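Reader: I am in my first year and would like to work through a structure by asking questions. Could we begin with the picture and then take it step by step?

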Amino acid sequence: MLSTSQQRVILVTGANKGIGYEVVKKLVNELPLNNNLILLGCRDLKRGEDALIRLGSPPNVHLLHLDVSLRESITHATNKIKCKYGGQLDIIINNAAIGELELTVDIARTMFTTNYYGIKTLNEHLFPFIRENGRVINVASISGSILLSEASKDLQEKYLSSTLTTEQLDCLVEDFISAIETNTFEALGYNPKSSYLIYSVTKAAVIALTQIEARQWSGSKNVLVLSVCPGFCATDLNRNAPGARPAELGADSILHVVNAPQNELKNGCFYRDGQQLPQVYMIDDKN
Ligand SMILES: NC(=O)c1ccc[n+]([C@@H]2O[C@H](COP(=O)([O-])OP(=O)(O)OC[C@H]3O[C@@H](n4cnc5c(N)ncnc54)[C@H](OP(=O)(O)O)[C@@H]3O)[C@@H](O)[C@H]2O)c1
């Protein structure tokens, strides 16, 4: 076995089931075992161990205990990557997320802590470990861009601003969470009829965060920061929705941005099934 300095090191968060698990499975089956080390992120070690067994316990897949909603877990995982894997990473796939339908402040706080702040904090901790030509992949959803197409022009402009900072994006997020309590999110420009409102705002925020991170880190180590939608896949997230496509296809959509040549991808942009998608996706754009 090569050492981590010679291997490509890939972290997938929330990889014990669903699309993240399928990503790891495809990486195991498609990549030379000796050259790639895969860190299977799981917030529950038992669930991670079960996933590892289902994969056939490949020697190049290691569990990484990581709950992205807890700062101490992120710090602990960061230290582990530093001490055990030499502080070297080539690809981070921020896949972990949750989805709840209820419209309450508590639910919103929980969802943003995982889906948005989890990615932001983890990337801040791990970006220094990313090697030359590395990639940071933030898993978002087209529901985030549909939500923006249904929002006011003023709000769209805030999310799309080419000078948006993480501090300003945090304020947009916090204003939305507060507005749930007072039932005033319409006044902020959100459309109360948007589907899966809180989830979709978390994903609009991830797509905007990706643009900011790409700007912040552009020129550094030739790293690409991209967001990706896996498409509507039958997983626990949507109670295995009938008619949804298999999670394997969602994994393919993510792996496209992992594997596509650098010159075929635009830093900061949003992709699904190898196609670049707009940050504001009008329903009429659907083909
Ligand atoms: N399925 C779809 O149709 C669809 C569409 C668009 C986008 N997406 C996105 O695709 C990604 C994967 O979703 P999925 O459908 O595969 O969902 P899933 O089957 O529910 O899997 C979610 C994974 O994230 C993990 N997770 C949740 N909270 C976590 C936390 N705080 N820390 C670490 N891991 C955590 C879960 O772990 P546990 O097993 O411990 O709960 C699980 O491994 C998500 O980002 C989702 O938003 C999915």
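Author: A definition comes first: a helix here is a DSSP run of H or I with at least four residues, numbered from the N terminus. By that rule Asp106 belongs to helix 4, residues 105-126. Keep in mind that this is a predicted model.

Reader: How many helices and strands are in the protein?

Author: Both kinds of element are present, and each is counted as a run along the chain. The count for the protein is nine helices and eight strands.

Reader: What radius of gyration does the protein have, and why does it agree with a compact globule?

Author: The C-alpha trace spans about 60 × 40 × 40 Å along its principal axes. For 287 residues, a compact globule would have a radius of gyration near 19 Å, so the protein agrees with that rule at 18 Å.

Reader: What share of the contacts with a separation of 6 or more joins residues 24 or more positions apart?

Author: A contact means heavy atoms within 4.5 Å. Among contacts with a separation of 6 or more, residues 24 or more positions apart account for 74%.

Reader: What percentage of the residues count as buried?

Author: A residue is buried when its relative accessible area is under 20%. The protein exposes about 12800 Å², with carbon and sulfur atoms supplying 50% of that area. Of the 287 residues, the buried share is 55%.

Reader: How far apart are the centres of the positive and negative side chains?

Author: The protein has 27 positive and 30 negative side chains. The centres of these two sets are separated by 5 Å.

Reader: Which residues of helix 5 are buried?

Author: Helix 5 covers residues 142-149, and eight of its eight residues are buried, so the rest of the structure largely encloses it. The cover includes helix 6 (153-160), helix 8 (197-217), strand 6 (224-229), strand 7 (270-272) and strand 8 (275-277). The buried residues are Ile142, Ser143, Gly144, Ser145, Ile146, Leu147, Leu148 and Ser149.

Reader: How many disulfides does the structure hold?

Author: A disulfide is a covalent bond between the sulfur atoms of two cysteines. The closest cysteine sulfur to that of Cys229 is in Cys233, 7.8 Å away, which is too far for a bond. For Cys269 the closest cysteine sulfur is in Cys229, and at 15 Å it is also too far for a bond. The number of disulfides in the structure is zero.

Reader: Is Cys229 buried or exposed?

Author: The cut-off for buried is under 20% relative accessible area. Cys269 meets it with 9%. Cys229 has 3% relative accessibility, so Cys229 counts as buried.

Reader: Which residues is Ser253 in contact with, leaving aside neighbours within four places in sequence?

Author: Ser253 lies in helix 9, residues 247-259, and it is buried, with a relative accessible area of 2%. Its C-alpha atom is 20 Å from that of Tyr199, which is 54 residues away along the chain. Beyond four places in sequence, Ser253 is in contact with Val228, Cys229, Pro230, Arg245, Arg272 and Asp273.

Reader: Which residues does Leu249 touch, not counting those up to four places away in sequence?

Author: Leu249 also lies in helix 9, where it is partly exposed at 36% relative accessibility. The C-alpha atoms of Leu249 and Pro192 are separated by 31 Å, with their positions 57 residues apart along the chain. Not counting residues up to four places away, Leu249 touches Pro230 and Asp273.

Reader: Which residues is Ser73 in contact with, beyond its neighbours within four places?

Author: Ser73 is in helix 3, residues 71-84. It is buried, with a relative accessible area of 12%. Leaving aside those neighbours, Ser73 is in contact with His65, Leu66 and Asp67.

Reader: What is phi of Ser57?

Author: Ser57 is in the loop between helix 2 (45-54) and strand 3 (61-65). With a relative accessible area of 44%, Ser57 is partly exposed. Its phi is positive in a residue other than glycine, with a value near 45 degrees.

Reader: What is phi of Lys221?

Author: Lys221 lies in the loop between helix 8 and strand 6, and it counts as partly exposed at 23% relative accessibility. Lys221 is not a glycine, yet its phi is positive, at about 60 degrees.

Reader: How far apart in space are Asp106 and Asn123, C-alpha to C-alpha?

Author: Asp106, in helix 4, is exposed, with a relative accessible area of 60%. Asp106 and Asn123 are 17 residues apart in sequence, and their C-alpha separation is 24 Å.

Key. Residues numbered from 1 in each chain as written. Predicted model: local features only at pLDDT ≥ 70, side-chain atom pairs only at ≥ 80, totals over all residues. Heavy atoms only, no water. Helix = DSSP H or I, 4+ residues; strand = E, 2+ residues; numbered from the N terminus. Rg over C-alpha atoms; globule rule 2.2 N^0.38 Å. Buried < 20%, exposed > 50% of the residue type's maximum accessible area, 1.4 Å probe, protein only. Areas by Shrake-Rupley, 256 points an atom, 1.4 Å probe, with all protein chains shown as cover. Lys, Arg positive; Asp, Glu negative; His and termini not counted. Charge placed at Lys NZ, Arg CZ, Asp CG, Glu CD. Disulfide = S-S within 2.5 Å.
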